[in-house]
Amino acid sequence: MSSATAEISALVDREYKEGFVTDIESDTLPPGLDEQVVRAISAKKNDPPFMLEWRLEAFRRWQAMVEPSWAHVDYPPIDFQAISYYSAPRSPEDAPKSLDEVDPKLLETYEKLGIPLQEQKALAGVAVDAVFDSVSVATTFKANLAEVGVIFCPFSEAVRDHPDLVKKYLGAVVPQGDNYYAALNSAVFSDGSFVYVPKGVRCPMELSTYFRINAMNTGQFERTLIVADEGSYVSYLEGCTAPMRDENQLHAAVVELVAMEGAQIKYSTVQNWYPGDAEGRGGIYNFVTKRGACRGKRAKISWTQVETGSAITWKYPSVLLEGDESIGEFYSVALTNNRQQADTGTKMVHIGSNTSSTIISKGISAGRGQNTYRGLVKIIKGAEGARNYSQCDSLLMGDQCGAHTYPYLEVKNPTAIVEHEATTTKIGEDQLFYCRQRGLSEEDAISMIVNGFCKEVFRELPMEFAVEAQKLLGISLEGAVG
Amino acid sequence: MLSISDLMVEVGGKPILKGINLNIAAGEVHAIMGPNGSGKSTLANVLAGREGYDVMRGSVTYGDHDLLALTPEERAREGLFLAFQYPVEIPGVTNVYLIKEAVNAQRKHRGESELDAIDFLKLVRQKLQLVEMKEEFLHRPVNHGFSGGEKKRNEIFQMAMIEPRLAILDETDSGLDIDALKVVASGVNAMRQGDRSILLVTHYQRLLDYIEPDHVHVLADGRFVKSGDKHLARELEEHGYGWLEEQADSGAGQSAA
Amino acid sequence: MTAQAVVDYLAAQRRLEPELPAPDLPWLMELRDGGVERLRDAGFPSLRDEDWRYTNVQSLLKEPFEMGPIGQCDVDAAFVSSTTIPSLECYRVVVVNGIPIPHLSDVTLVPDGIRVSSLADLLVSDPGRLEPYLGKSLVPDPHGFTAMNSAFLGNGLVVEIAPGQVFDKPLEIVFVASAATESTMAQPRNLVVAGKGSRLQVLARYVAIGAQRTLTNVVTEVIVDADAHLTLYQLQEESKNSFHIGGLFAKLGRGSRFDAFAITLAGGLVRNDLRVDLDGAGAEVNLRGLYLARGRQHIDNHTQIFHNEPDCISHEHYKGVLDDRARAVFHGRIVVQPDAQKTVSEQSNQNLLLSRDAEIDTKPQLEIYADDVKCAHGATVGQLDKEALFYLRSRGIAEEAAKRLLIKGFASDVLLAVSPDSLREHLLTRVETMLTD
């Protein structure tokens, strides 16, 4: 195994490619958090009064809460007063109206990230709302979307232009006091994305946002709200990268999804925040609250995530299955290497009748990584005919990593059918040898096997993301043939 | 093509091969027969480079190469193919994908361009006929959920695609019914041409009814105790291995051709 | 309420302490003091404790239980014989409210290779036989109840199986909860030591006289030495007003095997803690559980298996059938430590809910710190297979009868590994009777 282990290390130990720092002037608040800071952020965002009140309420709740400690992760205490809660690239007075107005350095950043906006516009037909640190700087394809009535804009713009929608849905799924990090986000969130898809509209393109943490010691607290009205459909892609820093950086985002009757939301994430170095120095603390509510009959929410980055990942994209016959899905690949830690999974709460949920989780542990699946399937008393299937598989590479599975199944209705299966295995030496005997290098053999292991999740991703995800795992493309 | 000289191999400190000598010339078909535990599969695995076997003495020359110094994939790219006794299951990886990667890895090694999708598919269809397998089987995960016979046919199919210079078939006949055996054998016979050498490792003589070897060697307790032509296999069928093992015990083993 | 209960029980312990056996043994004092301290510091568990999040013990704590009178026994031979399992040939020992009762036991019939003693007697006569084992498998006490057992440590049963001795006939231990007055509690501390290469089956039955409110807070420590094979059937048959907090802590030596069955057919609130430490290479543990609950029964099986050494095997299969307002909890934790390579571990928990008001909470958990392992777990909650039901009905079996048949089939497969035959038949009949009522 020793040579195989070495190969695996070489494969997953690649230098963090996205680790460059963009040198542009930032408009940054000094570190620390009190009511004045919340008011200052609100003022910088030109919040209407209702928004300021909402933030202050969240801040008061946050002050009364304690940081959760139940996850299977280990890190030194975070000094929440040492973090700066606002950082925006200094731009001309107003936000740019088109790409031409965007700071060329920023565009260069995106080029390095492999998301050339111009090209994507032409080739992929993907509308990108790029969040640089905390403020959205460019939104494309707005016009096309506006034609069919889809609203896709930075959160701050939605607060200004669509206050009724924001008032109605903000905090409707993740209330201000939901948990410690959600409360923090609710108080200080600086920007994010807002999507509204009107009744019966099938969003004509994949919507995408790239997040990136740039400034030192700044938290990224973006907030995303997606509302799919009756019978509509939207697919949303979220990609994340961050530069290399020795310090740890905090990322506490909130994502809320609302699917009305017959609506479908597909939310895909490829998370590649800086994971820290081999010794565990630096890296992002990714403490994220993501939750969707299937409000109406036959609503469907599907989460797909590929988590390869961050020093610590703490997130449980969840679905509240309120509408009858509503569907929740969670597909996840989480890779931890070096000293990365991930405690991730989902909650499926079955409330309506004949609801169903599917959970497919693939954890890969290498180096000294600790990988935990934590999931809750809850069938409440009145939830007739609920159905859940969960499968959680772990793949171990190297003898110093850990893989842990903590499913919680709570069933209060006799008509429910709930099934959970989990396996943990080592990457097969005989599989590696078999591939090598056919002439594949060990590295390619590992990639191939890992890719095969993750296949059920990758095929849920939109094509461009699937490619990126496979690259991220050091994998050459499978399925190009035949 | 292949020259094994005084090869001694241990597994976990226990001697398994105790001085093997064997020369296989280009185009020859050799069969190694022997009772269970005689070291047949060990020899096949050592030649392919599987870990866990300690070579204590001796050398193996393959073409111009010191075979034992090469990694498993280097051996494969130099044209050495092992049909596994127990083909490995790889969930999530389709058969066709593995084969395409394998074929292209070898082409690249030889400085040839990769096959384009159309040529590759043409070749695949042609070779599938050889082992009488349906196309849908290409898109199933490698050996996953295959019957024993399908796994063995898959090995021969891969061999046909890869077109090795030296093919080692490790107990490819075990667990096959007579029809499957005939299919496998005709697949192998179709491959028997020009410079290609084949090493058959088998416990039973019946495979040799369908694939006629040029030379037969009997392995017992880690040594070749007798070598001969195809008639030796028949003798073994009639008399069993007992009389040869006695020879091995008395140390009267002789080197193979 | 919890805090008051802690104060009350600590006071009761101080009153009783002078009467406990061997008060001057230093290691024993340490063990009891450790229990007192742990109970004082940790208190009794609440829903806020992750390991107790589905089991509320407030109903147990709201009124204090009194330790039964020491040295008195109101159980007669007629009661004992009324509880015996027909046609089961075994050696029998009877323990009433935590105290072994010689005149109700067939101790004289127990063969030489098995030594059965009262813990209280042995603490006085030959404590050296206990010192290496007692309290060693639960340091610190995992929660307030085991801590309380340690604090009150005074009596119970000790079973020692001599090395190399193999027995076909099982040893039956009948634990009787007998409430002379309302709210009696018993806190037996048992020890089973299976010597090297020995083999024995032990059947531990928990029964109650009448339906008084009783508490059995029992801790059993098990040592299975190298190459020994111990089978332990734990059969819960107390009353619907019984509270039962059971702790079973087993340490397995090299190449040993431990088969444990937890069969819960009665009890109002039952919590079974089971922890197995695979401490020797090549050890094997097989845990099987069956719980049938109805009325307002609450059954919590909390199991942990620690793979501490390489090449060990664990299998765990628990099944439950819940009716009426019954609630069950399954917690199955499997930990594979860094050095425990080549571990094979398999776990399942399957449940049938028969009523609208029944509830199951199940938490199978894998924690793996080694890489060369093969581990799998699964949990299911569901109803009877509709296809199977239809198949039976199409063969002319009435719907209700078909359902009973399927439920019995579901429950019975846990019992198929039970031997001897007479015990298995008895349990199958019990299960069938319960399901037919």
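**Surface, strand pairing and cavities in the predicted model**

Chain A exposes about 16500 Å², of which carbon and sulfur atoms supply 49%. The structure is a predicted model, and the values reported below were computed from its atoms. With respect to secondary structure, chain A contains 12 helices and 23 strands. Among its 482 residues, 64% count as buried. When contacts in chain A with a separation of 6 or more are considered, 83% of them involve residues 24 or more positions apart.

Within chain A, strand S18 spans residues 341-350 and is mostly covered, with nine of its 10 residues buried. Several strands of chain A pair with S18(A). Strand S15 (residues 312-315) runs parallel to S18(A), and four bridges connect the two. In this pairing Ile312(A) is placed opposite Gln341(A) of S18(A). Strand S16 of chain A, comprising residues 318-321, is likewise parallel to S18(A) and is joined to it by three bridges. Here Leu321(A) has His350(A) as its bridge partner in S18(A). A further parallel pairing links S18(A) with strand S20 (residues 370-379) of chain A through 10 bridges. His350(A) also takes part in this pairing, standing opposite Ile379(A) in S20(A). As a general property of regular strands, side chains alternate between the two faces of the sheet.

Helix H10 of chain A (residues 429-437) contains Cys435(A). The relative accessible area of Cys435(A) is 0%, and therefore this residue is classed as buried. Beyond the neighbours within four places in sequence, the contacts of Cys435(A) are with Leu440(A), Ala445(A) and Met448(A) of chain A and with Ile90(B) and Leu98(B) of chain B. One of these contact partners, Met448(A), lies 13 residues from Cys435(A) along the chain, and the C-alpha atoms of the two residues are separated by 8.9 Å.

In chain B, six strands form an open sheet of mixed pairing, in the order S6-S9-S10-S3-S11-S12. Its edges are strand S6 (80-83) and strand S12 (223-228) of chain B, each of which pairs on one side only. On average, and with direction ignored, neighbouring strands of this sheet are turned by 20° against each other. Helix H8 of chain B (residues 230-239) packs on the sheet and touches strand S3 (29-33), strand S11 (215-220) and S12 of chain B. The direction of H8(B) makes about 45° with that of S11(B).

The pairings at the two edges of the chain B sheet may be described in turn. S6(B) runs parallel to strand S9 (residues 166-170) of chain B, and four bridges join them. Leu80(B) has Leu166(B) as its bridge partner in S9(B). At the other edge, S11(B) and S12(B) run antiparallel and are joined by five bridges. Ala220(B) is bridged to Arg223(B) of S12(B). S11(B) and S12(B) form a hairpin with two residues between them. In the turn of this hairpin, Asp221(B) has a positive phi of about 50°.

Empty space inside the model was examined next. In general terms, a probe the size of a water molecule, rolled over the atoms, shows where empty space is left. The search of the whole structure finds 10 cavities of 30 Å³ or more. The largest cavity holds about 160 Å³ of space. It is lined by 16 residues, and those closest to its centre are Tyr206(C), Gln234(C), His244(C), Gly246(C) and Asn272(C). Five strands of chain C each give two or more residues to this lining, namely S10 (214-224), S11 (229-237), S12 (242-252), S13 (257-264) and S14 (269-278). S12(C) supplies the largest share of the lining, with four residues.

Also in chain C, Gln304(C) is located in strand S16, which covers residues 298-307. Gln304(C) has a relative accessible area of 14% and is therefore counted as buried, the cut-off being under 20%. With residues up to four places away in sequence not counted, Gln304(C) touches Leu274(C), Arg275(C), Val276(C) and Arg333(C).

Note on methods: Residues are numbered from 1 along each chain as its sequence is written. Chains are lettered from A and ligands numbered from 1 in the order in which they are written. This is a predicted model: local features need pLDDT of at least 70, side-chain atom pairs count only at pLDDT 80 or more; totals for chains, interfaces and linings use all residues. Side-chain values use heavy atoms; hydrogens and water are left out. Two strands pair if DSSP finds at least two bridges between them. Axes are lines fitted to C-alpha atoms, for helices over the stretch in contact, and angles run from 0 to 180 degrees between N-to-C directions. Contact means heavy atoms within 4.5 Å. Buried means under 20% relative accessible area, exposed over 50%, partly exposed in between (1.4 Å probe, protein chains only). Accessible areas come from the Shrake-Rupley method with a 1.4 Å probe; for residues, only the protein chains shown count as cover. On a 1 Å grid over the protein atoms alone, a cavity is a set of points where a 1.4 Å probe fits but cannot get out, and a pocket is an open set with protein on both sides within 12 Å along at least five of seven lines; lining residues have an atom within 4 Å of a point. Grid points are joined across faces, edges and corners, and a volume is the space filled by probe spheres set on the points.
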